[in-house]
Amino acid sequence: DTVITDQQRTHLSVDASHNAQQGRVLTVRSQVTNSFVDSIEIHGAISLDDQPSVLSVRVRKLQLTNDWFEYLPLSVLEQFPVGLEVRGQADLAVQLQTKFLTPTASTAGVASQAANSPVLQTKWVAAGVLANGSYRDRRLPFPVTDISSTVTWQDGVLRLEKIEGSFGGTSISAQARISEFGAKPTMEIGFATDKILIDEDLLVGLPQDEVINGIRKTLRTYGPRGTAAIKYHYDNVGQTPRSHLDIQLLDMDLTYEKFPYTLKNATGFIEIHNSDIVVRDVLAQTHGRTFKISAEIKDSKIAPRGWLEITSDGAIPLDAELISALNPQTRKTIDVLRPTGLITLHRARYEYRGEPGLPYRQIEFDFQQGTLQYKEFPYPIHRINGEVRLQGDHWEFRNFSGYKGSAFVQMQGRFVKPTSPLGQNGH
């Protein structure tokens, strides 16, 4: 249903010579409906003179489905992931304002006749509301459902605000601002959730880019598996992209890649700012004991500098799980002694000094109520207590004592890992 009316403007316009003119205008009213939209209403005024024209479009209950992809260029479709599926409903409002500008003699100078032709100036703004949306992508472990958002587009800037949704049964919120569209658009993105399931497979299907790969590396480093609250911000407004990820561990199992001994039920905070990592107040459990983890690491992606430290509040069993977490060379040293008993970890500190390779290690622990049976001297010694200290590759065994039958035995010693043929410490 469309009505177009030619009528005189109710107000006089003024031409370039400041003469009053009775301008004309076409008024437009139209309404359309079909299977994928409840209604499209168009109304406005098209000027037949140099006055602005204004058209307004209102779209009600537009159904968003994959069927719309048929109208997109092939170059755009090729960027979509395989198996992408979108659903939702949107209400939109668009206002377009146009005006013909005729250059004056003073501004045109000696320009050609083509340069003196009227120039169409356009200005438009769009706003809308999205509801009942869903997004399915094979790269994600769960679909995003119950999506709602407000959208505005004005002066070349797209804003998505109050984005809400559900991911794997978890509520999420987000916002985005995108401008300078092109091969590398300028964007600001924020994301938050009060509780989400995290594991090493969370990002498996996502693309290989700098930001995602940085998060992947963090997941590999700490091997998280459990629930956490997350706040994330990314922008590339300046010369260098920036990202900030805050993680509050709610109930998380952690397995540090340099010492893969799983600590359970962890709580605390991890902050990742660009490639800098801060770990604070992280408390985790194993065998009824509490371990505290702290860290400050700069430039973790390329040349890490800083430290990571682990302490505990009591003894845990020296069992196969703990021994298997040691690096192969250290495990080989321990296996020679065939130990059993309890271990109290006072401190395990890993220092990163801006160089590739393994971090520098400082480890302090006590051996309690143990048994040793040295392979080359197969007579077990019981009720052993002692102190073990590691600095780099230098092991020191202090104040060891125990019993062989009724005989009291005291021991101490040092061990230095042999160097490689090039004179450097082996790994």
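**Exercise 1.** Which residues make the nonpolar surface patch of about 370 Å²? Place tryptophan 153 in its element and class its exposure.

*Solution.* The structure is a predicted model.
- Step 1. The patch is made by Leu96, Trp124, Trp153 and Phe181.
- Step 2. Tryptophan 153 belongs to strand E9.
- Step 3. Its relative accessibility is 31%. Partly exposed covers values between 20% and 50%, so tryptophan 153 counts as partly exposed.

**Exercise 2.** Describe the make-up of the chain as a whole, starting with how many helices and strands there are.

*Solution.*
- Step 1. The chain holds 5 helices and 24 strands.
- Step 2. Of its 427 residues, 33% are buried.
- Step 3. Take the contacts between residues at least 6 apart in sequence: 44% of these join residues at least 24 apart.
- Step 4. The exposed area of the chain is about 25900 Å², and 54% of that comes from carbon and sulfur atoms.

**Exercise 3.** Find how many aromatic pairs the structure has, then work out the geometry of the pair formed by phenylalanine 142 and phenylalanine 167.

*Solution.*
- Step 1. Searching the whole structure gives 10 aromatic pairs.
- Step 2. In the pair of phenylalanine 142 and phenylalanine 167, the ring centres are 5.5 Å apart and the planes meet at 85°. Planes over 60 degrees apart count as edge-to-face, so this pair is edge-to-face.
- Step 3. Phenylalanine 142 sits in the loop between strand E8 (119–136) and strand E9 (144–154), while phenylalanine 167 is in strand E10 (residues 157–167); the pair therefore ties together parts 25 residues apart in sequence.
- Step 4. With 32% relative accessibility, phenylalanine 142 is partly exposed. Phenylalanine 167, at 10%, is buried.
- Step 5. Elsewhere, ring pairs link Phe367, Trp395, Phe397 and Phe400 into a cluster.

**Exercise 4.** Name the ring that arginine 280 lies over, and do likewise for arginine 353.

*Solution.*
- Step 1. Arginine 280 is placed over the face of phenylalanine 269, 4.8 Å from the ring centre.
- Step 2. Arginine 353 is placed over the face of tyrosine 360, 4.1 Å from the ring centre.

**Exercise 5.** Locate histidine 287 and aspartate 299 and comment on their phi values.

*Solution.*
- Step 1. Most residues other than glycine have a negative phi.
- Step 2. Histidine 287 has a positive phi, near 50°. It lies in the loop between strand E16 (276–286) and strand E17 (289–298), and its relative accessible area of 43% makes it partly exposed.
- Step 3. Aspartate 299 also has a positive phi, of about 50°. Its place is the loop between E17 and strand E18 (305–312), and at 23% relative accessibility aspartate 299 counts as partly exposed.

Methods. Residues numbered from 1 in each chain as written. Predicted model: local features only at pLDDT ≥ 70, side-chain atom pairs only at ≥ 80, totals over all residues. Heavy atoms only, no water. Helix = DSSP H or I, 4+ residues; strand = E, 2+ residues; numbered from the N terminus. Buried < 20%, exposed > 50% of the residue type's maximum accessible area, 1.4 Å probe, protein only. Contact = heavy atoms within 4.5 Å. Areas by Shrake-Rupley, 256 points an atom, 1.4 Å probe, with all protein chains shown as cover. Phe/Tyr/Trp six-rings, centres within 6.5 Å; stacked < 30°, edge-to-face > 60°. Lys NZ or Arg CZ within 6 Å of the ring centre and 35° of its normal. Patch = residues over 30% accessible without salt bridge, like charges linked within 9 Å, V, L, I, M, F, W, Y side chains within 5 Å. Salt bridge = Lys/Arg side-chain N within 4 Å of Asp/Glu carboxyl O.
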